[in-house]
Amino acid sequence: MNGTSIIGRIASAIFATHLSNPIVVHAATTFLASLLAFFFWPFAPNNSAAIAFCAIFGALGGSMLSLPASGVAYLIPDERQSHAGQWTGMMWSAVSLWALVGPLIAAALKRQYGMNLVGYWTGATLLVTTVLLAWSIYLKRKEGHAVITGEAIEEEPKTEESTPPSTSGSGFVGTIV
């Protein structure tokens, strides 16, 4: 799996650069990985099928590991790009809890119900991730940027009440999305 992840890391970087939107590539590869976990993992009948699953899932996993930081940078409004490090750190801090408990949940599921349920659990969590990524694409588009190209599109003039809070001196003020 780790060996094929390099393919996913390189390919996803090329696609994300070409599309100017790492979130779309991340959502697509996460959705494909969820389908693979739902429909291929539990039904792999022999070692050859399991190895094929690991190779494909590893490539998709490489994409899922390499794109989050560029996705955070894509989502940050232009006037707050100087805070990209803070936002990326907050993202990894939020993910760290789930990265810590996820393997424990998978081990408990395997022990209690068998390996097939671990595949369904993995597919379900990846599908939830896909929905959250799609939501961030929607919110970014609503903000006034095209989803695929990242170019600005026409938007209504901002009113006084829709103006985002400003930072005054030190620290970050506002919301992540």
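1. Six helices line the largest pocket of this predicted model. α1 (2-19), α2 (22-39), α3 (47-66), α4 (68-75), α5 (84-113) and α6 (115-143) each supply at least two residues of the lining.

2. Which helix gives the most to that lining? It is α5, with 12 residues.

3. The space in the largest pocket comes to about 1,800 Å³. Its lining holds 42 residues. Nearest the pocket centre are V95, W98, T125, L126 and T129.

4. How do the lining residues of the largest pocket divide into nonpolar, polar and charged? There are 28 nonpolar residues and 13 polar ones. One residue is charged.

5. Now the packing of α2 and α3. The two axes come within 9 Å. They cross at roughly 150°. Angles over 145 degrees count as roughly antiparallel, so α2 is roughly antiparallel to α3. The crossing of this pair is left-handed.

6. Which residues make the contact between α2 and α3? From α2 come H26, T29, T30, L32, A33, L36 and A37. From α3 come F53, I56, F57, L60, S63 and M64.

7. By class, the α2 contact with α3 has nine nonpolar and four polar residues. No charged residue takes part in this contact. The lining of the largest pocket, to which both α2 and α3 supply residues, does include one charged residue.

Key:
Residues are numbered from 1 along each chain as its sequence is written. This is a predicted model: local features need pLDDT of at least 70, side-chain atom pairs count only at pLDDT 80 or more; totals for chains, interfaces and linings use all residues. Side-chain values use heavy atoms; hydrogens and water are left out. On a 1 Å grid over the protein atoms alone, a cavity is a set of points where a 1.4 Å probe fits but cannot get out, and a pocket is an open set with protein on both sides within 12 Å along at least five of seven lines; lining residues have an atom within 4 Å of a point. Grid points are joined across faces, edges and corners, and a volume is the space filled by probe spheres set on the points. Helices (H or I, at least four residues) and strands (E, at least two) are DSSP runs, numbered from the N terminus. Ala, Val, Leu, Ile, Met, Phe, Trp, Tyr, Cys and Pro count as nonpolar, Asp, Glu, Lys and Arg as charged, and the others, Gly among them, as polar. Axes are lines fitted to C-alpha atoms, for helices over the stretch in contact, and angles run from 0 to 180 degrees between N-to-C directions. Angles under 35 degrees count as roughly parallel, over 145 as roughly antiparallel, 65 to 115 as roughly perpendicular and the rest as oblique. A crossing is left-handed if the near helix is turned anticlockwise from the far one by less than a right angle, and right-handed if clockwise. Contact means heavy atoms within 4.5 Å.
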